[in-house]
Amino acid sequence: MSGGGRRSTSTAARLSVLVAVLSVPAFTGVWELVARSGIVNAVLFPPPSTVAVAVLEWIRSGQFFGDLVASLSRVAAGFAIGAAGGIVLGVLTGQFRLVSSLLSPLFHILRPIPPIAFVPIVILWFGLSETGKLFLVVWGVFFTVWLATHIGVQKVDRGLIRAAQMLGTPQRHMLWEIVLLGALPYITVGLRTAVSISFYTLVAAELAGAFSGIVYRIEIAQQNMQTGQVMGGLAALGLLSFVADRSFATLAERAVWWR
Amino acid sequence: MTPSLLRPDQPLRLVDTYPPSAPALQAIIRVEDLSIVFDGPSGQVIAVDRVSLAVAQGEFVSIVGPSGCGKSTLLNAMAGLERPFEGQVLIAGEAMRAPRPEIGMVFQQPHLFPWKSVRRNIAHGPRALGKPKAEALRIADDLIEMIGLTRFASAYPHTLSGGMQQRVAIARALANQPRVLLMDEPFGALDAQTRAVMQDNLLELRERINATIVFVTHDIDEAILLSDRVLIMSAGPGRILRDLQVSLPRPRSSAIVAEAAYLALKRDCLDLIRSEGRRAFEQMEIRT
Ligand SMILES: Nc1ncnc2c1ncn2[C@@H]1O[C@H](COP(=O)(O)OP(=O)(O)O)[C@@H](O)[C@H]1O
Ligand SMILES: [Mg+2]
């Protein structure tokens, strides 16, 4: 019966929503029980309640806000500089063969090196300064955005460019309007990937030596065997990265406004 | 019975005038010994081979030929999008080396800017030429009314049907008030019904604008229906074989393709083509 079929489908849908809502609380509950039961070492695997207490303390002490601002400003500044550079150079290499011949081979050699591998040399160059941290994040973001833009520009429909030429579009409009907007769907994909990358490189940058920041706090807590604080830090980092990715996805959808 | 659109007293003539013996006096387009060569994977490809033609001011000329015979290449050279290998294209006495806004182009695909609304797509040309925004939008609104898409003025291209998109593309090309309108199989991607509607639209439009039109198609019916003259091209290398005057009276409508006089004209036309004995035209059998 079609009516019965429809009813059972909606029951299944409701059940899966319920399971999804209960999923995280259920796993947290199991974790709490296991950690308290003594099956595992509660110092190494602190129960969620201990993590929550540590996080509340982190917030109450005022350090959390400082750490958040430090980490976020590194990610934001590095992302902005890396993305702007990647878009500008991607448009230039994608559009002008000579610029591409000059820069693309170099970029293709440098791009696959994981940014984390640059930590030692960055410490030599910049010490423990903010510049070094910024450099790492910029480095990670730049190549991803550059490649996405370069490919996007090359994939811009030649027909659009010819149509624009026939209508008398001036050269500079051609580049910054037709080419850039034509490549925008690719660029936003690159930018979104770069959001995650900026958080990876943030970890490397703060582990390399910092005086504040969420990853810095995790490292300090580890040295003091404050495992609750370590896990609280991890959770904060995960949440932050998740929120950044989601908000960027929403933003990207708006950016390609004609879809 | 529908009344005949063709006057029985007016004899239908098909006059082959190729190659042109004397240069047409008020030719706005003049193609002189034009050759265009591409570097293909297996050596050079001669896409256009020593083509000469002239189009008079206000004339509607079609170029017909099988696909791959060099129609688009020839049209692109007239548009300034393709450089001559030999010879030249003169429009209004000036050699075409780059696109000029007084020459409009409609491609087989609409190639509308996907990030712009219908209105802004049409306003693009006037804006690019430095017209103030208000004036550009006013020009766009007039053209939108002419193509009957007022309801869709602020719609984005992907929400429109293929025929509507192509109407916007035509309006966009007209917004700069071109003296010459080049059309490269503009209805080739449309279904038969939409194509017939678009042909009638173009016939009406043509009465209102005074642009010279060069229209590329592989559809002989479409060419005869729309044109004052039909140029027949052959494949490999691209050459013009025939230059046929179409003496059907105007105004015309797509309904004439079913009439006996028209069919006789078309048969003459196909005979002329076939007498050349070119394999390439076998696909143009009479289907009636
Ligand atoms: N950019 C190009 N590079 C190389 N060969 C081309 C290019 N454009 C067209 N050709 C070749 O030139 C010939 C004519 O092409 P075209 O003008 O597109 O034909 P049509 O429009 O009549 O179908 C074809 O053989 C085609 O493969
Ligand atoms: Mg073609």
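Select strand 7 (residues 180-184) and strand 8 (residues 212-217) of chain B. The two run parallel, joined by 5 bridges. For one pair to label, take B:Val180, whose bridge partner in strand 8 of chain B is B:Thr212. Bear in mind throughout that the model is predicted.

**The six-stranded sheet**

Now widen the selection to the whole sheet in chain B. It is open, has 6 strands, and follows the order 6-7-8-3-9-10. Its pairing is mixed. Which strands sit at the edges? Strand 6 (103-106) and strand 10 (239-245) of chain B do, each pairing on one side only. Look along the sheet and follow the twist, which averages 20 degrees from one strand to the next.

Add helix 1 of chain B. This helix packs on the sheet. Its contacts there are strand 3 (60-64), strand 6, strand 7, strand 8 and strand 9 (229-234) of chain B. Compare directions: helix 1 makes about 155 degrees with strand 7 of chain B.

**The four-stranded sheet**

Keep helix 1 on screen and bring in the other sheet. This open sheet of chain B has 4 strands in the order 2-1-4-5, with antiparallel pairing. Strand 2 (43-56) and strand 5 (94-95) of chain B are the edge strands, and each pairs on one side only.

Start with strand 1 (residues 27-40) of chain B. On one pairing, 10 bridges join strand 1 to strand 2 of chain B, and the two run antiparallel. Label B:Ile29, which stands opposite B:Val55 in strand 2 of chain B. How many residues lie between strand 1 and strand 2 of chain B in their hairpin? There are 2.

Next, select strand 4 (residues 86-91) of chain B. Here 5 bridges connect strand 4 to strand 1 of chain B, again with an antiparallel run. The pair to label is B:Val31 and B:Val89, which stand opposite each other.

Helix 1 of chain B also lies across this sheet, over strand 1, strand 2 and strand 4 of chain B. The helix runs at about 120 degrees to strand 1 of chain B.

**The ligand site**

Stay with helix 1 and show ligand 1. Residues 71-79 of chain B make up helix 1, which gives the largest share of the shell around the ligand: 3 residues.

Select the full shell as sticks:

- B:Phe38, B:Ala47 and B:Pro66 are among the residues around ligand 1.
- The shell also includes B:Ser67, B:Gly68, B:Cys69 and B:Gly70.
- B:Lys71, B:Ser72 and B:Thr73 belong to the shell too.

Color these by type. The shell divides into 4 nonpolar, 5 polar and 1 charged.

Then draw three distances, each to an oxygen atom of ligand 1:

- From B:Thr73, a polar side-chain atom lies 2.5 Å away.
- From B:Ser72, a side-chain N or O atom is 2.7 Å away.
- From B:Gly70, a backbone N or O atom lies 3.1 Å away.

Finish this stop with a surface. How much of ligand 1 does the protein bury? Taken alone, the ligand exposes 560 Å², and the protein buries 60% of that.

**Two backbone stops**

Jump to B:Ala92 in the loop between strand 4 and strand 5 of chain B. Check the phi angle of B:Ala92: it is positive, about 50 degrees, although this residue is not a glycine.

Last, go to B:Pro251. This proline lies in the loop between strand 10 and helix 7 (260-275) of chain B. Is the peptide bond from B:Arg250 to B:Pro251 cis or trans? The bond is cis, with omega near 0 degrees.

Note on methods: Residues numbered from 1 in each chain as written. Chains lettered and ligands numbered in written order. Predicted model: local features only at pLDDT ≥ 70, side-chain atom pairs only at ≥ 80, totals over all residues. Heavy atoms only, no water. Near = heavy atom within 4 Å. Polar contact = N/O pair within 3.5 Å; in protein donor to acceptor, adjacent residues only side chain to side chain. Areas by Shrake-Rupley, 256 points an atom, 1.4 Å probe, with all protein chains shown as cover. Nonpolar A, V, L, I, M, F, W, Y, C, P; charged D, E, K, R; others polar. Pairing = 2+ DSSP bridges. Axes fitted to C-alpha atoms, helices over the stretch in contact; angles between N-to-C directions. Contact = heavy atoms within 4.5 Å.
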